[in-house]
Amino acid sequence: MRRSLHLATRPSLWGLALVHYLRSWWYMFHLGAVALVTAFSPSTYRGANRRANRLSTARYIHASTWQVLPWFTVLSALISLVIIRIVLVTAMSYGLSRYALEMVVRVLVLELIPLSAALFAALRSGMAFDATALGLARAGLPTAEVNAEALRRMRRDLVPQLFANAFSVLSLAMVSSSIVLLLAYLNVYGLSPWGALDYTRTVGRVFDPLVTIGFVLKTVLFGLAVAVIPTAAILELQRYPRQLASSVQPGALRLLFVLLLIEGASLALKYI
């Protein structure tokens, strides 16, 4: 708050603030590119660090996916069941019951569940503020040592976390979407098997090849954003130390902005 007021009363600092803002975004994109290159580099999985990298990746996957999958699935199923009933009752009251199933699939499966999975994964594994991660910058170490430690942490933690968070968002979204599709069928057709043909036709009409590719790509981008942005913000604070204005996880607002930007771009490409 004080920083915002200071900038508002000092127009001469606006240019410097813009440079810092652009540098911060460039650092995030650069770190994400380096992490992707490192993740797909064969040298990451060879030599003495091969076993350590695999164990680290398995540990992150277990923490970010397996530990939260049952709870997220149950929670999303309960909320989705309420939304499905609301949509069905509303559609029937207006004589639009034949469009209710398609609306449920488009709104819940394509849009709300992947975004909810990304936010849940971020809250679970990326948004817990770790003040000790900033201790390196606060210790007054030389820049070379700070950069070397940042690179070591990237190889040790960021690449496995990149895989784990992308896998987490994709797994949570796919499992929850499958359960929501089952719930939608039960709410529309009950236990009767005779609605399978009409149900399959409706879902297939929604999930055409382009929509399916876009759904998977959007979910993967959500996972990459959850993995890269909070870590990039912490490493940036290590490289360019400054006083923290609050105890909020660095990169939290930026992550939310990027997630909403990806969702908005997906909606624009599909419906505009």
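Me: Which residues of helix α10 are buried in this predicted model?
Reply: Buried means under 20% relative accessible area. In the predicted model, several positions of α10 meet that limit, and they include charged residues such as Arg254 and Glu263. The buried residues of α10 are Ala252, Arg254, Leu255, Val258, Leu259, Ile262, Glu263 and Ser266.

Me: How many Å does α10 reach from its first C-alpha to its last?
Reply: Helix α10 has 20 residues. At 1.5 Å a residue, a span of 28 Å is expected. The span in the model is close to that value, at 29 Å.

Me: How many helices and how many strands does the protein chain have?
Reply: From the N terminus on, each element of the chain is an α element, in the order α-α-α-α-α-α-α-α-α-α. The secondary structure therefore comes, with helices and strands taken as DSSP runs, to 10 helices and zero strands.

Me: Which residues touch the most other members of the largest nonpolar core?
Reply: The largest nonpolar core holds 30 residues. Two or more residues are given to this core by each of α2, α4, α5, α7, α9 and α10, and the largest share, seven residues, comes from α9. The members that touch the most others are Phe222, Leu255 and Leu259.

Me: Which residues does Leu259 touch, not counting those up to four places away in sequence?
Reply: Leu259 is one of the buried residues of α10. Contact means heavy atoms within 4.5 Å. With residues up to four places away left out, the partners of Leu259 are Leu115, Ala118, Leu119, Phe222 and Ala225.

Me: How many residues form the second, separate core?
Reply: A second core stands separate from the largest one. Its members include Ile84, Ala100, Leu181 and Tyr199. The number of residues in this core is 23.

Me: Why does Lys218 count as buried, and with which residue does Lys218 form a salt bridge?
Reply: Lys218 counts as buried because its relative accessibility is 3%, and the limit is under 20%. In the salt bridge of Lys218, the closest N and O atoms are 3.3 Å apart. Lys218 lies in α9 and its partner in α10, so the pair ties together parts that are 45 residues apart in sequence. The partner, buried at 8% relative accessibility, is Glu263.

Me: Which residues are joined into one network by salt bridges that share partners?
Reply: The count of salt bridges comes to six. Among them is the pair of Lys218 and Glu263. Through shared partners, the network joins Glu111, Lys218, Glu263 and Lys270.

Me: Is Glu102 buried or exposed?
Reply: Glu102 forms a salt bridge with Arg106, with the closest N and O atoms 3.1 Å apart. Both residues lie in α5, four residues apart, which is about one turn of the helix. Arg106 is partly exposed, with a relative accessible area of 24%. Glu102, at 18% relative accessibility, counts as buried.

Me: Which residue forms a salt bridge with Asp198?
Reply: Asp198 is partly exposed, at 36% relative accessibility. Its partner lies three residues apart from it in helix α8, about one turn of the helix, and the closest N and O atoms are 3.6 Å apart. The partner, partly exposed at 46% relative accessibility, is Arg201.

Me: Which residues make the nonpolar surface patch of about 320 Å²?
Reply: In soluble globular proteins, nonpolar side chains tend to be buried together. This patch, however, is nonpolar and lies at the surface. One of its residues, Leu22, has its place in helix α2. The patch is made by Leu18, Tyr21 and Leu22.

Technical notes
Residues numbered from 1 in each chain as written. Predicted model: local features only at pLDDT ≥ 70, side-chain atom pairs only at ≥ 80, totals over all residues. Heavy atoms only, no water. Core = buried A, V, L, I, M, F, W, Y, C linked by side-chain atoms within 4.5 Å. Buried < 20%, exposed > 50% of the residue type's maximum accessible area, 1.4 Å probe, protein only. Patch = residues over 30% accessible without salt bridge, like charges linked within 9 Å, V, L, I, M, F, W, Y side chains within 5 Å. Areas by Shrake-Rupley, 256 points an atom, 1.4 Å probe, with all protein chains shown as cover. Salt bridge = Lys/Arg side-chain N within 4 Å of Asp/Glu carboxyl O. Expected span 1.5 Å × (residues − 1).
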